[in-house]
Amino acid sequence: MAISPEHQIYSELFADAPDMAVGFLRDLGVEVPVYDRSELTSCDLGHVDPVERRSDVAILLRGKVGDDPFGTLMGIVVEVQRDEKERKRFTWPEYVAALRSKNECPVALLVICPRQHVADWYSRPISLGHPGFVLNPIVLGPERIPVITDPGEVGRFPTLGVLSAAAHGPADPEVIRALHSGLDSIDQETATKYIGYALHLLTDSNGQRALEELMMTDTYEYTSAWTESLRAEGRAEAKSESVLRVLEARGMSPDAAARERIGACRDLERLDVWFDRALSVDSVDGVFRD
């Protein structure tokens, strides 16, 4: 299954700022050692399958261990989850154990869920079967992400500003204004990237519209091929989800093949046609007729 743009963006934010994961762990009550530097490590945990056997982001914290000034103090596996998938409750213990074995250090699992109900679902303990061997995922949902309304804080921690905008921007215009002003204080290339990320994560919300209105007043344009591709991808993804919701609301549940075909389509004109048909067809097959 292809990785969605939303999934990719959340992973990129934590890859850009590994220390952000440390901050969240500490806020959630995890004891993290004092360290000198954080670094990304290979997400490949020893298997070929890139979907089922590779974590989204893996981080190592380094500092003095014995005589080694840059020994490995701790590892962090960061996983992004948009939907409820029982399979992850089997693969996550493997990720933690593999990174621990490879680097011979303690490892924590941090799960990022853009939707609160998904975060609540993943918060359940994972019992591995051996007595006392239980993994309790450390889960970060929107409710745990700070509301940032200070542009100065966004300028210092732009990735956190994007997360705050995605979680709270649709309902709080002050968060959007802080993001816009704060990103204006960093270099344009980085600001352009994070504006693109925010626009995609805010797709079809009041937050997206508020951010676009602020961008119209800029003296330079926040745009790039990546930004535009993300926005187009976001519109297509939202439209395909609308087609599926209409069919289900009308009592027609698409099978796996139809769901995959609709979800994979990125042609906005075709999706518009399918949406219109979904309002009146008698069967799912009717959506695809020529």
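The following paragraphs describe the fold, the nonpolar cores and selected residues of a predicted model.

The chain has 12 helices and 7 strands. Of its 290 residues, 49% are buried. Among contacts between residues at least 6 apart in sequence, 64% join residues at least 24 apart.

The N-terminal part of the chain contains two helices with several buried residues each. Helix 1 covers residues 5-16. For its 12 residues a span of 16 Å is expected at 1.5 Å a residue, and the end C-alpha atoms are 16 Å apart, so the two values agree. The buried residues of helix 1 include nonpolar side chains such as Ile 9, Leu 13 and Phe 14, and also Glu 6, His 7 and Ser 11. In soluble globular proteins, nonpolar side chains tend to be buried together. In helix 2 (residues 18-27), the buried residues are Pro 18, Met 20, Ala 21, Val 22, Phe 24 and Leu 25. An α-helix has 3.6 residues a turn, so residues three or four places apart point the same way. After helix 2 comes Gly 29, which has a positive phi near 90°.

Ser 38 is part of strand 1 (residues 37-41). With a relative accessible area of 21%, Ser 38 is partly exposed, because buried requires a value under 20%. Beyond its neighbours up to four places away in sequence, Ser 38 touches Pro 18 and Asp 19, as well as Ile 59, Leu 60 and Leu 61. The C-alpha atoms of Ser 38 and Ile 59 are 6.8 Å apart in space, although 21 residues separate the two in sequence.

Strand 4 (residues 107-112) has 6 of its 6 residues buried and is therefore largely enclosed by the rest of the structure. In a regular strand the side chains alternate between the two faces of the sheet. In strand 4, Val 107, Leu 109 and Val 111 point one way, while Ala 108, Leu 110 and Ile 112 point the other way. Strand 4 pairs with strand 3 (residues 68-80) in the parallel sense, over 6 bridges. Within this pairing, Leu 109 of strand 4 stands opposite Val 77. The connection from strand 3 to strand 4 passes through helix 3 (residues 88-103), and the resulting β-α-β crossover is right-handed. Strand 4 is also joined to strand 7 (residues 138-140), by 3 bridges, and these two strands run parallel. Here Leu 110 has Ile 138 of strand 7 as its bridge partner.

The loop between helix 3 and strand 4 holds Glu 104. This residue has a positive phi of about 55° although it is not a glycine. Glu 104 has a relative accessibility of 72% and so counts as exposed. Asp 204, in the loop between helix 8 and helix 9 (206-215), is likewise a non-glycine residue with a positive phi, of about 60°. Its relative accessibility of 52% makes Asp 204 exposed, since the cut-off is over 50%.

The largest nonpolar core contains 50 residues, of which Phe 14, Ile 76, Leu 110 and Leu 211 touch the most other members. Helix 8 (residues 188-201) gives the most to this core, with 7 residues. Apart from the largest core lies another, of 17 residues, among them Tyr 95, Ala 119, Leu 135 and Val 139. Leaving aside neighbours within four places in sequence, Leu 211 is in contact with Ile 176, Leu 179, His 180, Ile 195, Ala 198, Leu 199 and Leu 202.

Gln 116 belongs to helix 4 (residues 116-122). At a relative accessible area of 19%, Gln 116 is buried, because the value is under 20%. Residues up to four places away in sequence aside, Gln 116 touches Gly 141, Pro 142 and Glu 143. Gln 116 and Ala 167, 51 residues apart in sequence, have C-alpha atoms 9.6 Å apart in space.

Cysteines were examined as well. Cys 105 has a relative accessible area of 4% and is therefore buried. Cys 265, at 10% relative accessibility, also counts as buried. A disulfide is a covalent bond between the sulfur atoms of two cysteines. The count of disulfides in the model is 0.

Technical notes:
Residues are numbered from 1 along each chain as its sequence is written. This is a predicted model: local features need pLDDT of at least 70, side-chain atom pairs count only at pLDDT 80 or more; totals for chains, interfaces and linings use all residues. Side-chain values use heavy atoms; hydrogens and water are left out. A nonpolar core is a set of buried Ala, Val, Leu, Ile, Met, Phe, Trp, Tyr and Cys residues joined through side-chain atoms within 4.5 Å. Buried means under 20% relative accessible area, exposed over 50%, partly exposed in between (1.4 Å probe, protein chains only). Helices (H or I, at least four residues) and strands (E, at least two) are DSSP runs, numbered from the N terminus. Contact means heavy atoms within 4.5 Å. Two strands pair if DSSP finds at least two bridges between them. A crossover is right-handed if, with the strands pointing away from the viewer, the path from the first strand over the helix to the second runs clockwise. A disulfide is a pair of cysteine sulfur atoms within 2.5 Å. The expected span of a helix is 1.5 Å times one less than its number of residues.
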